[in-house]
Amino acid sequence: MSKNTPAPEDKICIAQIGAAHGIRGEVRIKLFSDDPASLTQYGPLQTADGSQRFKITSARASKTIYVCRIKGVSDRNDVEALNGTLLYVDRDQLPELEEEEFYHSDLIGLEARLDTGDALGSIVAVHDFGAGELLDIAPKRGKGFYVPFTREAVPIIDLTGGFVTVVPPEGLLEDADEGERALEGEAVDFAQSPQLLDGLEKG
């Protein structure tokens, strides 16, 4: 069975195992929570289907990830076999959310729409590179883009309806459209978008 089967509604994805750190069994883990204690306070973490369980025995912050030890995982080969595995907890173990708080896993897959109702694409990930959370939106065609996950940029989140309303920062969609047309060989006004010309020259 795949290590990343679709998650049932009663589970929340809170982390993902990454690459090995060193040669002694330590592993990089990306945490999808603001609380580092989430790695240990809910007991063993599990795969979506519950077939594997992982007890985190230690964790230390390292930039945007955590370097952890997992019980029973003692060398680099063991870690590499787990790379990419999503880790879940039962939803009923988690504290009740405050107003305007959301689990990342509930946002992923939602349709992103303009306030006109036009579809932009779907949310494929939520990132935080240190300057605030960003929604990673993948359109049906063309290159994906990021939208700040703020009240101003995402004023409506309708989990029941399966969509969010996005008000993109000025110029975001125009830049994405210019980049797509440049890749397709269509005419582009580089005077209006000199950053595209810089990118082509570097390529």
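**Cores, sheets and local environments in the predicted model**

Apart from its neighbours within four places in sequence, Ile29 makes contact with Ala15, Gln16, Ile17, Gly18, Leu39, Ile56, Ile65, Tyr66, Cys68 and Leu87. These contacts, like every value reported here, were computed from a predicted model. Ile29 and Leu39 are the residues with the most contacts inside the largest nonpolar core, which has 23 residues. Two or more residues of this core are given by each of strand 1 (11-21), strand 2 (26-31), strand 6 (65-70), helix 1 (76-82) and strand 7 (86-90), and the largest share, five residues, comes from strand 1. A second core, separate from this one, comprises 15 residues, among them Leu107, Leu120, Val147 and Val164. In soluble globular proteins, nonpolar side chains tend to be buried together.

In the protein chain as a whole, four helices and 13 strands are assigned, and 33% of the 203 residues count as buried. Among the contacts between residues at least 6 apart in sequence, 50% join residues that are at least 24 apart.

Strand 6, one of the contributors to the largest core, is largely enclosed by the rest of the structure, because five of its six residues are buried. Strand 6 pairs with strand 2 in the antiparallel sense over three bridges, and within this pairing Arg28 has Val67 of strand 6 as its bridge partner. Strand 5 (residues 56-62) also pairs with strand 6 in the antiparallel sense, here over six bridges, with Ala59 standing opposite Cys68 of strand 6. Strand 5 and strand 6 form a hairpin with two residues between the strands, in which Lys63 takes a positive phi near 60°.

Asp90 belongs to strand 7, and it is classed as partly exposed because its relative accessible area is 25%, a value that lies between the limits of 20% for buried and 50% for exposed residues. When residues up to four places away in sequence are not counted, Asp90 touches Asp10, Lys11 and Gln46. The C-alpha atoms of Asp90 and Asp10 are 5.9 Å apart, although the two residues are separated by 80 residues in sequence.

A further element of the model is an open sheet of six strands, in which the pairing is mixed and the order is 11-10-9-8-13-12. Its edge strands, each of which pairs on one side only, are strand 11 (145-148) and strand 12 (156-158). On average, and with direction ignored, neighbouring strands of this sheet are turned by 35° against each other. Within the sheet, strand 8 (residues 111-113) pairs with strand 13 (residues 163-165) in the parallel sense over three bridges, and Ala112 stands opposite Val164 of strand 13; Val164 is also included in the second core. The charged end of Arg113 sits over the ring of Phe163, at 4.1 Å from the centre of that ring, whereas the structure holds zero aromatic pairs.

Pro169 is placed in the loop between strand 13 and helix 3 (172-183). With a relative accessibility of 35%, Pro169 counts as partly exposed. The C-alpha atom of Pro169 is separated by 9.1 Å from that of Glu152, a residue 17 residues apart from Pro169 along the chain.

Terms used. Residues are numbered from 1 along each chain as its sequence is written. This is a predicted model: local features need pLDDT of at least 70, side-chain atom pairs count only at pLDDT 80 or more; totals for chains, interfaces and linings use all residues. Side-chain values use heavy atoms; hydrogens and water are left out. A nonpolar core is a set of buried Ala, Val, Leu, Ile, Met, Phe, Trp, Tyr and Cys residues joined through side-chain atoms within 4.5 Å. Buried means under 20% relative accessible area, exposed over 50%, partly exposed in between (1.4 Å probe, protein chains only). Contact means heavy atoms within 4.5 Å. Two strands pair if DSSP finds at least two bridges between them. Axes are lines fitted to C-alpha atoms, for helices over the stretch in contact, and angles run from 0 to 180 degrees between N-to-C directions. Rings of Phe, Tyr and Trp (its six-membered ring) pair if their centres lie within 6.5 Å; planes under 30 degrees apart count as stacked, over 60 as edge-to-face and the rest as tilted. A charge sits over a ring if NZ of Lys or CZ of Arg is within 6 Å of the ring centre and within 35 degrees of the ring normal.
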